Amino acid sequence: MDSFERQWQRWFPEERDKEPTPPAPGGWTTARVFLVLVGALALFILISVLKGFYTEWLWFSSLGYGDVYATILRAKVIIFFSAAIIFCLLFLGNLLLATRLAPKTESHFWPWAIVRRLQSILRLNVILGTALLALIFGMVAQGNWLVVLRFFNRQSFGIVDPVFYRDVGFYVFSLPFLHLLQGWLVGALIITLIASAGVYFLSYAMQRLKFDFTRPVLAHIGGLFIVISGLFAWGYWLGIWELVFSERGVVFGASYADMHARLPAQWMLIAVMVILSAIILVSISRRNYRLPLYGIAGWIAVAILAAGIYPALVRRFQVEPNELVRETPYIEYNIQFTREAFALNRVEEQPFPAEDTLTSQDIAQNEMTINNIRLWDHRPLKDTYNQIQSFRLYYDLDNIDSDRYIIDGEYRQVMLSARELSAEKLAGQAQTWVNRKLQFTHGYGVVLSPVNEVTTQGLPNLFLKDIPPVGKFTIERPQIYFGEKTNDYVIVKAKTQEFDYPSGDENVYGRYEGKDGISLDGFLRRLAYAWQLGDFNILISSELNPESRVLYYRNIGERVNHLAPFLELDDDPYLVVFAGRLLWIQDAYTTSDRFPYSEPLGGGLNYIRNSAKAVIDAYDGTVTFYITEPEDALLRTYQAIFPGLFVPIEQMPESLRVHLRYPLDLFNIQAAVYQTYHMENARVFYNKEDLWTIPRELYFGREQSLEPYYITMRLPEGEKEEFLLMLPFTPVNKNNTIGWLAARSDGENYGKLLAYLFSKERLVYGPSQIENRIGQDTTITEQLALWSRGGSRVIRGNLLLIPLGKSILYVEPVFLQAEDGGLPELKRVIVAAGEQIAMAPTLKESLKAIFGTEAPPTAPVVTPPAPRAPEKPIATDIANLIDQAQQHYNQAQQYLKAGDWAGYGKELEALKAVLNKLAELATEEKR
């Protein structure tokens with residue numbers, strides 16, 4: 001007996017030659033307490049999971065999409081249990097085999113108490129470890145449920161890659177699934193190998209035997225190694241197809257070095273793994289432990305030399321000296337597939353003369369375009385709306401949308417905003433649970449104004465305003481339960497009346513009559529939602545009754561994303577007044593980062609389509625997904641997975657379809673890619689000879705990138721005006737305009753992209769150059785400076801480039817706002833055409849200043865009566881007064897520079913008197 005056993009007997013003499021006594025019946029051992037606690041925790045987790053399933057099922061079913069959730073849940077459950085069971089079979093099967101092949105432990109080597117204790121501990125650890133590992137591997141597989149469903153429902157793109165001739169669907173759908181399967185199996189087998197080896201080492205250690213494993217043991221361990229080697233070989237085979245996503249060349253995608261060095265290296269690594277498997281077989285038969293080590297060393301060496309050094313040498317000595325020649329085919333592949341992935345192959349390019357000869361005739365021929373020029377910038381308009389139409393602190397007009405309507409028989413571009421409720425802005429003493437969840441439940445109404453009309457006070461002319469809404473539209477359901485700021489849940493149809501809208505000093509109350517919401521009838525549902533929403537009041541409040549319904553996921557982006565988590569959403573949903581109701585239109589995208597040879601943007605995105613539009617009712621929250629890209633393979637795959645989710649665009653009412661617009665995020669992405677990928681010649685692309693960028697503009701005294709803007713205009717060769725989204729471009733490091741990109745939104749032309757390219761042989765002023773010219777115009781700058789010194793902030797709005805005929809018109813609104821954050825007012829409109837610039841209170845006057853004629857009237861011209869002859873030449877007096885005003889202004893500037901504030905104030909008073917006289921003369925002249 002060795003020293004350890006003698007020491008054991010000294011410590012536990014009562015254990016010598018004594019059989020262990022079983023615990024008394026009903027006794028609470030540590031193991032039992034532990035198992036009870038684990039069981040209680042598992043039960044709690046199970047109930048929590050079931051609660052989540054239950055509430056989700058109720059929510060999806062309330063919207064009529066129970067089948068969608070059933071598909072997702074069924075997929076997750078099947079994948080989880082399949083993965084967990086496969087892992088258990090693999091793991092426990094190998095452990096069982098290891099216990100059978102390992103030498104049996106005999107009690108005379110160890111005290112019986114130690115053996116029994118170790119066996120019980122190991123048994124418990126194996127059970128718990130297997131359960132935990134099965135849970136982990138099941139969750140990993142379940143987390144990729146969409147990858148699995150897309151693989152089994154994959155559709156063809158109808159496009160093959162240019163190097164391996166595989167359909168793009170293989171890279172988008174099949175390859176991710178195969179990578180997932182290979183990685184999962186490698187992980188499971190490595191864990192199994194470690195556990196099996198642990199059984200053998202522990203068994204041999206307890207037997208005090210040399211680690212001279214028997215041939216069956218070696219066969220078991222070697223067999224696992226061979227299977228893992230085969231999976232690695234499979235991974236290298238999959239890596240061959242990954243070459244189309246290489247970032248090692250001059251462009252994204254397989255390069256010359258990839259195809260001539262890395263591709264052979266991948267096949268070499270596959271061969272090495274096969275050889276390594278053969279070496280393991282030989283080592284098992286010969287019981288030689290060194291051979292696998294040699295094989296692993298050879299594998300590492302080949303990986304370094306063939307997959308690392310050799311491609312680098314090929315690139316350095318074959319590619320770099322002749323890079324353009326070597327890489328030209330691959331550059332062409334990249335251009336072709338990037339344009340395909342971002343739908344830039346649909347862009348129709350045509351020349352645009354951009355002449356400096358804009359005339360009054362061009363103005364007259366584009367009457368509707370002129371009448372729909374967007375003078376109101378969404379940023380100051382948001383402040384104006386909030387100050388004149390919010391009415392209460394808890395109302396917000398947060399997002400300004402642009403759309404078009406037929407108003408009084410005319411096609412009019414408008415801007416509008418929903419009046420949403422911000423419950424967090426309620427007074428502190430009103431921040432109660434009843435107020436926030438039961439009473440203040442919804443916003444109310446919408447504000448709408450044309451883009452080009454201004455009142456005499458410099459404010460927008462409102463076509464829809466006030467509470468309840470009045471104006472040119474009738475809205476039967478102005479309540480907004482679902483919007484962009486509705487982030488909290490509310491409960492409707494409770495005993496507490498809902499606040500509908502303010503009416504003078506009183507409030508009007510109402511009751512929700514929509515069909516959305518989950519009934520809280522019964523203790524079980526109230527308990528489930530109190531737990532789900534983390535609000536105990538749902539369970540105990542006496543204000544709830546059997547008719548009460550909970551509305552949640554009310555934010556339209558969150559709502560759509562929860563219904564269709566596989567779609568990416570546009571950041572700018574917009575509101576539509578339709579058939580007496582308020583509807584939200586949310587653009588949705590199918591995207592991928594697996595399109596071969598397509599240059600990825602930030603985040604890896606290299607494929608996008610606006611495949612669906614979700615329409616959400618602002619009152620009852622119903623959601624309908626309309627298909628806008630029926631040929632998109634990703635959308636067809638999702639249709640196969642969720643047959644009842646999407647409906648054809650033809651089912652959308654025609655009066656709603658006229659409000660569809662090209663989405664802003666998609667246009668921004670396409671414009672960003674088009675700046676480089678308008679170059680289709682490989683040599684020009686390689687040399688980056690014609691890179692474009694987005695122009696710069698001034699806003700609030702700061703320079704920023706010009707934003708895309710919606711505009712109503714007639715295209716050059718177009719028959720009538722239409723609603724477009726457009727953006728001009730300038731060459732990199734230059735400020736002149738080189739062209740503009742437009743996306744069409746009306747009728748059958750919806751979704752078409754047009755690019756108008758300017759001549760490169762003559763200068764066409766760009767937005768920043770126009771901004772500089774405005775800044776150099778003394779008349780304009782003096783007026784703006786005068787306002788700034790008078791305690792007001794001057795806001796220069798969006799500079800709009802507007803093609804008219806064969807020329808370009810630039811228009812920029814100027815807003816005035818008090819320094820203390822007062823009401824932004826539209827005070828001036830700057831117009832630039834060719835070499836001429838003018839600023840006047842209205843667009844009509846600015847156009848008149850440049851073209852010497854009135855802007856085209858929208859009604860027949862009525863000849864005014866002859867003006868009465870003035871008693872004295874008023875024009876002469878006006879000219880004299882203007883000279884005086886200029887003198888007083890110049891003298892005031894001199895006093896200001898000298899620090900003579902008294903003189904400065906005196907001159908300003910004199911200037912004010914002269915301006916008052918000018919106003920009187922102007923009034924007299926009009927009479």
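What is the mean pLDDT of the protein chain, and what share of its residues reach 70 or more? The mean comes out at 87, and 87% of the residues get to 70 or more. Keep in mind as you look around that this is a predicted model. Below is a quick tour: where confidence runs high and low, how some helices cross, what lines the cavity, and a few backbone spots to look at.

**Confidence along the chain**

- Confidence hits its lowest in helix 1, residues 3-11, where the mean is just 49.
- At the other end of the scale sits strand 18, residues 581-592, with the highest value, 98.
- Then there's the stretch from 855 to 876, where pLDDT stays under 50. For those residues, the model has 15 contacts beyond four places in sequence.

**Helix 3 and helix 5**

- Helix 3 covers residues 66-101 and helix 5 covers residues 145-152; their axes come within 10 Å and cross at roughly 100°.
- Helix 3 and helix 5 are therefore roughly perpendicular to each other, since angles from 65 to 115 degrees count that way.
- On the helix 3 side, Ile 72, Ala 75, Lys 76 and Ile 79 do the meeting, and their partners in helix 5 are Trp 145, Val 148 and Leu 149.
- Sort the residues of this contact by class and you get six nonpolar, no polar and one charged.

**Helix 8 and helix 10**

- Here the axes of helix 8 (residues 256-286) and helix 10 (residues 323-341) come within 8 Å, crossing at roughly 100°.
- That crossing is why helix 8 and helix 10 are described as roughly perpendicular to each other.
- Tyr 256, Met 259 and His 260 make the contact from helix 8, while Arg 326, Glu 327 and Tyr 330 make it from helix 10.
- The mix in this contact is three nonpolar, one polar and two charged residues.

**Helix 22 and helix 23**

- Further along, helix 22 (residues 767-776) and helix 23 (residues 778-789) have axes that come within 5 Å and cross at roughly 75°.
- So helix 22 is roughly perpendicular to helix 23.
- Look for Ile 774, Gly 775 and Gln 776 in helix 22, which meet Thr 778, Ile 780 and Thr 781 in helix 23.
- This contact splits into two nonpolar, four polar and no charged residues.

**The cavity**

- Searching the whole structure turns up one cavity of 30 Å³ or more.
- The volume of the largest cavity is about 40 Å³.
- Its lining is made up of Asp 398, Asn 399, Ser 417, Ala 418, Glu 420, Glu 484, Lys 485 and Trp 584.
- By class, that lining of the largest cavity has two nonpolar, two polar and four charged residues.

**Backbone spots to look at**

- The peptide bond running from Ile 467 to Pro 468 is cis, and its omega is near -10°.
- You'll find Pro 468 in the loop between strand 8 (464-465) and strand 9 (470-471).
- Lys 493 has a phi near 60°, which is a positive value in a residue other than glycine. Its place is the loop between strand 11 (490-492) and strand 12 (498-503).
- Asn 733 isn't a glycine, yet it has a positive phi of about 70°. Asn 733 sits in the loop between strand 26 (722-731) and strand 27 (739-744).

Terms used
Residues are numbered from 1 along each chain as its sequence is written. This is a predicted model: local features need pLDDT of at least 70, side-chain atom pairs count only at pLDDT 80 or more; totals for chains, interfaces and linings use all residues. Side-chain values use heavy atoms; hydrogens and water are left out. pLDDT is the predictor's confidence in each residue, from 0 to 100. Helices (H or I, at least four residues) and strands (E, at least two) are DSSP runs, numbered from the N terminus. Contact means heavy atoms within 4.5 Å. Axes are lines fitted to C-alpha atoms, for helices over the stretch in contact, and angles run from 0 to 180 degrees between N-to-C directions. Angles under 35 degrees count as roughly parallel, over 145 as roughly antiparallel, 65 to 115 as roughly perpendicular and the rest as oblique. Ala, Val, Leu, Ile, Met, Phe, Trp, Tyr, Cys and Pro count as nonpolar, Asp, Glu, Lys and Arg as charged, and the others, Gly among them, as polar. On a 1 Å grid over the protein atoms alone, a cavity is a set of points where a 1.4 Å probe fits but cannot get out, and a pocket is an open set with protein on both sides within 12 Å along at least five of seven lines; lining residues have an atom within 4 Å of a point. Grid points are joined across faces, edges and corners, and a volume is the space filled by probe spheres set on the points.
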